[in-house]
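Below are my notes on the model you sent round. They are set out as numbered points, to be read with the coordinates open.

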Amino acid sequence: MIILGINAYHANASAAIVADGKLVAAAEEERFNRVKYAAGLPVHAIQYCLAEAGIPLTKVDHFAIPRNPWARMTTKLWYAVRMPKFAMERAQVMARFSGLKEELAAAFELDPQSIRAPFHRIEHHVAHLASTYFVSPFDHAAVLSVDGLGDFASAMWATGEGNDLRPYGATTFPHSLGMYYTALTQYLGFWKFGDEYKVMGLGAYGTPRFLDEFRKIVRADSGMKLRLNLNYFTHQLQGPEMTWRDAGTTPVLGRLFSAYLEKRLGPTRKADEPVEQRHRDLAASMQAALEEVLLKHVSELAERTKEKSLCLAGGVAFNCVANGKMLERTPFEKIYVQPAAGDAGLSVGAAFSVEHSILGRPRSFVMEHAGWGPSYSHAEIAEAVRQRIPNSDGIEIDEMDEDPLAQAAAREIADGHILGWYQGRAEWGPRALGNRSIVADPRRAEMKDILNQRIKHREMFRPFAPSILEEATGEYFECTHPSPFMTFAYSVRPEKRSVIPAPTHVDGTARLQTVSRRTNRLYWKLIRAFGDLTGVPVVINTSFNDNEPIVCKPEEALDCFLRTRMDTLVMGNLILRRNAPSPANEGGAEVSTRRTP
Ligand SMILES: [Fe+2]
């Protein structure tokens, strides 16, 4: 039984394939077409998933689409009358969905008649709920999805028991915690799609002195009601305005906040203006209000369901600071957030929704790691190195077995070098988790600035995250709940803050990844080897990229290595080291190479 999930014509387009109840492959289109948050039909991601499953498109048994035009039809019709422009845009999107079979056939050069499998429409938030509960380790749990908007809802909650997922409530348009966060992100001068996490980082530098005002903007009423004060917003008037650049692949969201919000909070920060203390305090206040509302909502969910385990999804589930506090301040003892908690995860959710809710098949899969993307053999990696580095002057290249390779790489990190670490299958979701990562020494306070100057070029207020051996979590952090997908922020133990200053955020927290030997063996070995050398089983882990989607193919990793001032690159069983110290390599281009025996 093969089910293909497709998140199309929506930001974070993705595909996922489930065979006999188990996930075989999942990937975002951006990793292939190299357009961040790419929308459209994810043809490359579908091709990849089919190749991984070893079947042609015509052998798919069910297609799972995470959008249902018939969901909340009464509400949609009511708003269609009031917002004809928005209704027209929705109708155009729906028309594309109704022609999906034909577009797929055209993309794969097939006769549409040869695609016989049924297309199942799964409501957006039902797919979000399924994307986390059905792949969680829990036999039963409370389940919550919170985002901006999808199929006219912005949140939904459910109980899961076995293969029975039962939604029993939702927050509908125009009320939305995701819209709240995005609107305030825009107000603070961050307009790019997906910039919300920057503001979360900024908030740690401020004090929430505007919290009372923010409590007037958003609240959680009893009865599981998330509410916005619509005076502060505009999306309820004409609908959120989404346009697309770059041939329909890059989403651009129109302004969501009103003139009234500016009147109350002061002038908006323009994108090119400096970030001042007032902005930091506003970001802190906005985050504090989100936490109050979300924690109240989650606590009420715990009270209603009496469950001790929670599965989270939707874009708001990436708020690792709030997630960490849920473990401290709500009755939930275990929380599962899968790595693609946002809309990319909808393809996985839709596929598992068909598997369990429509076909009624039992559960037999847990997503324990994020390695669901493409991988390349040692031979393919070696060929890419030969192609990209044809001469041998300036870079030493050595081939090593696994253990010496981990030890050599750990030595590089301990020596203060910046290491590219490229192994196995590409990660599913926006975080590099030890397969396409840039790794550095957490003990050096200056490493954050060095990473920014030489490779990442990010805003200075954004923290870098640590990866830690799972078994050492309690030694360094005040919470030991697993965080394998970097979706929780915990307080670093006060006595350890000076030991790992580089990934410790200004508020004493860190958004950590706990690394398990069982599910990420090679990365675990690298951190273990670093721990053996230094006594600190922690490394800085940031995504392997430079203002682009995370590298996928070996060639992209090599290009990033050659273009930036990374010192060392480990790919498969090869280690590439610049002969000249990289600070001298100011431009980071023009590297001649020499191959060692
Ligand atoms: Fe969503």
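The points below take the metal site, then the helix packing, then some single residues.

1. Status of the model. This is a predicted model, and the points should be read with that in mind.

2. Iron site, donors. Four protein residues supply donors to the iron ion: His124 and His128, each through NE2, and Asp147 and Asp343, each through OD. The donor atoms lie 2.0 to 2.2 Å from the metal. Along the sequence the spacing of these residues reads H-x3-H-x18-D-x195-D. One pair among them links distant parts of the chain: His128 belongs to helix 6 (residues 124–133) and Asp147 to strand 6 (residues 140–150), with their positions 19 residues apart in the numbering. Both residues of this pair, His128 and Asp147, are buried.

3. Iron site, geometry. The angles subtended by the four donor atoms at the iron ion run from 86 to 162°, and the arrangement is irregular because of them. To count as tetrahedral, four donors would need all angles between 85 and 135 degrees. Water is not among the atoms, so the site may look incomplete.

4. Helix 6 against helix 14. Helix 6 packs on helix 14 (residues 346–358) with the axes 7 Å apart and an angle of about 85°. The two are therefore roughly perpendicular. From helix 6 the contact uses His124, Val126, Ala127, His128, Ala130 and Ser131; from helix 14 it uses Leu346, Val348, Gly349, Ala350 and Ser353. Two of the names in this contact, His124 and His128, also appear among the iron donors.

5. Phe134. This residue sits in the loop between helix 6 and strand 6. Phe134 has a relative accessible area of 1%, and therefore counts as buried. Leaving aside neighbours within four places in sequence, its contacts are Gly162, Asn163, Leu165, Phe352, Ser353, His356, Ser357, Arg363 and Phe365. Ser353 is also on the helix 14 side of the contact with helix 6. Phe561, by contrast, is 38 Å from Phe134 between C-alpha atoms, and 427 residues away in sequence.

6. Burial of helix 13. Which residues of helix 13 are buried? They are Cys320, Val321, Ala322, Asn323, Gly324, Met326 and Leu327. That is seven of the 10 residues in helix 13 (residues 320–329), so the helix is largely enclosed by the rest of the structure. The cover over these buried residues includes helix 8 (196–203) and helix 12 (277–305), together with strand 13 (309–313), strand 14 (334–337), strand 19 (488–491) and strand 20 (509–515).

7. Helix 12 against helix 13. The axes of these two helices come within 10 Å and cross at roughly 45°, which makes helix 12 oblique to helix 13. The crossing is right-handed. On the helix 12 side the residues are Gln287, Leu290, Glu291, Leu294, Leu295, Val298 and Ser299, and they meet Val321, Ala322, Lys325, Met326 and Arg329 of helix 13. Of these helix 13 residues, Val321, Ala322 and Met326 are listed as buried.

8. Helix 15 against helix 20. Helix 15 (residues 378–388) and helix 20 (residues 554–563) have axes that come within 9 Å and cross at roughly 45°. The pair is therefore oblique, and the crossing is right-handed. Helix 15 contributes Ile381, Ala384, Val385 and Arg388 to the contact, while helix 20 contributes Pro554, Glu555, Leu558, Asp559 and Leu562.

9. Asp567. The loop between helix 20 and strand 22 (568–571) holds Asp567. Its relative accessible area is 8%, so Asp567 is buried. The C-alpha atoms of Asp567 and Ser299 are separated by 47 Å, and the two residues are 268 apart along the chain.

10. Backbone points to check. The peptide bond between Phe173 and Pro174 is cis, with omega about 5°; Pro174 lies in the loop between strand 8 (164–172) and helix 7 (177–187). Two residues other than glycine have a positive phi: Asp20, near 50°, and Lys306, near 60°. Asp20 is in the loop between strand 2 (14–19) and strand 3 (22–28), and Lys306 is in the loop between helix 12 and strand 13. Asp20 is partly exposed, at 48% relative accessible area, whereas Lys306 counts as exposed, at 58%.

Conventions:
Residues numbered from 1 in each chain as written. Predicted model: local features only at pLDDT ≥ 70, side-chain atom pairs only at ≥ 80, totals over all residues. Heavy atoms only, no water. Donors = N, O, S within 2.8 Å, 3.2 Å for Na, K, Ca; no water. Tetrahedral: all angles 85-135°; square planar, octahedral: opposite > 155°, others 65-115°. Helix = DSSP H or I, 4+ residues; strand = E, 2+ residues; numbered from the N terminus. Buried < 20%, exposed > 50% of the residue type's maximum accessible area, 1.4 Å probe, protein only. Axes fitted to C-alpha atoms, helices over the stretch in contact; angles between N-to-C directions. Parallel < 35°, antiparallel > 145°, perpendicular 65-115°, else oblique. Left-handed = near helix turned anticlockwise from the far one by under 90°. Contact = heavy atoms within 4.5 Å.
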